[in-house]
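Colleague: I would like a close look at the pockets of this protein, and at the parts of the chain that lie around them. Could you take me through them slowly, as you would for someone new to reading structures?

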Amino acid sequence: MNRIVLLLLIPWAIASCAADAKVDANKELAYCDAQIRRALPYMTDPAKGARNIAADASDPQWRCSDINDWTCGFWPGVLWYDYEFTHDEEIRRRAEQFSEAIIPVLDQKSHSHDLGFMFFCSLGNGYRLTGNPEYKKSLLRAADSLALLFNPVVGTINSWPGMCDKKGWPHNTIIDNMMNLELLFWASKNGGSGKLYDIAKRHAEVTMKNQFRDDYSTCHVVVYDTISGKRLAQVTHQGYADDSMWSRGQAWAIYGFTMAFRETGEKAFLDTACKAADRMLQGIPEDYVPYWDYSAPDIPDAPRDASAAAIAASGLIELSQKVSDPETSGCYLDAARKMLASLSSEKYQSRDRNVAFLLHSTGHYPEGGEVDASIVYADYYYIEALLRLKALQESRPETLK
């Protein structure tokens with residue numbers, strides 16, 4: 001179906017393009033910088049990065065995780081993005097400290113499917129901004145380690161080996177893992193094996209085929225047979241139900257397949273990103289910050305997930321620059337700006353309530369973990385989205401004030 005015709009059939013398209021959302025990226029980036037400077041005096045151990053702040057704000061400082069946690073790369077990544085905005089050498093020094101503290105993870109025998117989150121958000125941004133050759137070496141090591149989890153029969157990286165043992169799954173892949181592919185794509189083009197590109201592309205192809213339902217909502221987890229390579233089940237771990245749309249998973253899909261198109265030029269990945277975006281924007285709340293799951297039974301009283309909005313906003317900004325149709329591009333960009341406008345409001349910004357950027361994220365609702373909290377990956381994708389918007393505002397000042 002023609003993309004324009006498809007958009008006309010989707011209710012969100014009319015609403016999202018009807019009014020413009022004003023976001024001053026420089027102003028909000030300055031807010032992020034101020035929050036970081038409030039937090040830094042308490043962040044004294046580079047081996048412990050920010051993780052979350054409870055909703056009750058009994059302690060307004062970050063609760064920290066160690067370098068083995070999948071979130072360990074986000075705090076140094078936040079610092080690198082702040083350095084990109086401020087050019088402040090003290091911020092750079094702290095970014096280096098927190099990034100370099102993660103490197104010993106690579107000396108361990110165990111391997112994580114989240115090495116992309118851990119290393120590309122931290123050392124990846126550091127290498128992009130400084131060209132430090134030691135960062136490049138560690139990134140290439142991380143990519144090789146991540147590739148060890150690839151199963152060539154299935155065609156994807158095994159996400160949770162421990163969960164396979166616990167659940168009796170032969171092999172599983174989560175939609176989140178699309179984000180870790182960027183490390184493999186980068187490594188294949190920066191001195192690593194060309195096989196890393198093949199692994200990343202194959203993982204994206206298999207995920208594209210198996211992780212979506214007919215309406216292009218995503219399932220969180222796909223279980224595969226390791227003998228035939230066929231899909232055995234679509235289930236959830238962090239969503240409401242096996243057949244529901246978990247908001248952050250849908251955001252990972254938008255961002256991940258947009259990135260996969262950027263790295264490969266495969267139009268099927270772009271089409272998938274568009275369909276995932278169209279589905280997420282259908283039925284999104286008026287303020288463009290989704291509930292943690294689109295099928296949560298207590299909507300409109302269900303918790304929101306600001307992290308899903310931040311991830312989607314960053315992905316939609318890039319997606320808006322990849323599609324060729326101007327109307328579609330404008331709708332995606334406007335949706336991203338609406339998300340950022342809400343996230344930048346008093347309702348969602350932490351401001352003086354704690355040292356994070358954002359409130360009202362949901363980590364793992366089924367287990368009661370990080371519900372209605374400030375979470376570091378929400379902050380990471382928020383500041384990334386603002387930097388992407390800033391670049392657009394500077395290149396198109398007449399239309400994106």
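Modeller: What follows is a walk through the two pockets, then a few residues with features worth finding on the screen. Please keep in mind from the start that this is a predicted model.

We can begin with the largest pocket, which holds about 440 Å³ of space. Its lining is made up of 24 residues, and those that lie nearest its centre are Tyr 81, Phe 120, Glu 182, Glu 384 and Arg 388. If you trace the lining back to the helices, you will find that α4, α6, α9, α11, α13 and α15 each supply at least two residues. Among these, α6, which covers residues 115-130, gives the most, with eight residues. By character, the lining of this pocket divides into 13 nonpolar residues, eight charged ones and three polar ones.

The second largest pocket has a volume of about 380 Å³, and 18 residues line it. Nearest the centre of this second pocket are Arg 51, Trp 70, Trp 160, Gln 238 and His 364. Its lining consists of seven nonpolar, six polar and five charged residues, and the strands β8 (361-364) and β9 (369-375) each supply at least two of them.

Those two strands deserve a pause of their own. β8 and β9 run antiparallel and are joined by three bridges, and along them Ser 361 stands opposite Ala 373 in β9. The hairpin that they form has four residues between the strands, and in this hairpin Gly 368 takes a positive phi near 70°. Just ahead of the hairpin, in the loop between α14 and β8, lies His 360, whose phi is also positive, near 65°, although this residue is not a glycine. Most residues other than glycine have a negative phi. As for its surroundings, His 360 counts as partly exposed because its relative accessible area is 23%, which falls between the limits of 20% and 50%.

A second residue of this kind is Tyr 288, which is found in the loop between α12 and α13 and has a positive phi near 65°. Tyr 288 is buried, because its relative accessible area is 7% and the limit for buried is under 20%. The loop between α12 and α13 also holds Pro 300, and a cis peptide bond, with omega about 15°, joins Ile 299 to Pro 300. Most peptide bonds are trans.

Gln 238, named above for the second pocket, leads us on to Trp 246, since Gln 238 is one of the residues that Trp 246 touches. Trp 246 sits in the loop between β7 and α11, and it counts as buried because its relative accessibility is 3%. Other residues in contact with Trp 246 include Ile 175, His 220, Trp 252 and Trp 292. Between the C-alpha atoms of Trp 246 and Phe 269 there are 20 Å in space, with the two residues 23 apart in sequence.

Finally, consider Asn 210, which belongs to helix α10, residues 194-210. Asn 210 is also buried, because its relative accessibility is 10%. Its side chain reaches the backbone oxygen of Val 206 at 3.0 Å, and, leaving aside residues up to four places away in sequence, Asn 210 touches Cys 219, Val 222, Tyr 224, Arg 231 and Gln 234.

Conventions
Residues numbered from 1 in each chain as written. Predicted model: local features only at pLDDT ≥ 70, side-chain atom pairs only at ≥ 80, totals over all residues. Heavy atoms only, no water. 1 Å grid on protein atoms, 1.4 Å probe; cavity = no way out; pocket = protein on both sides within 12 Å on 5 of 7 lines; lining within 4 Å. Points joined across faces, edges and corners; volume = space filled by probe spheres on them. Nonpolar A, V, L, I, M, F, W, Y, C, P; charged D, E, K, R; others polar. Pairing = 2+ DSSP bridges. Buried < 20%, exposed > 50% of the residue type's maximum accessible area, 1.4 Å probe, protein only. Polar contact = N/O pair within 3.5 Å; in protein donor to acceptor, adjacent residues only side chain to side chain. Contact = heavy atoms within 4.5 Å.
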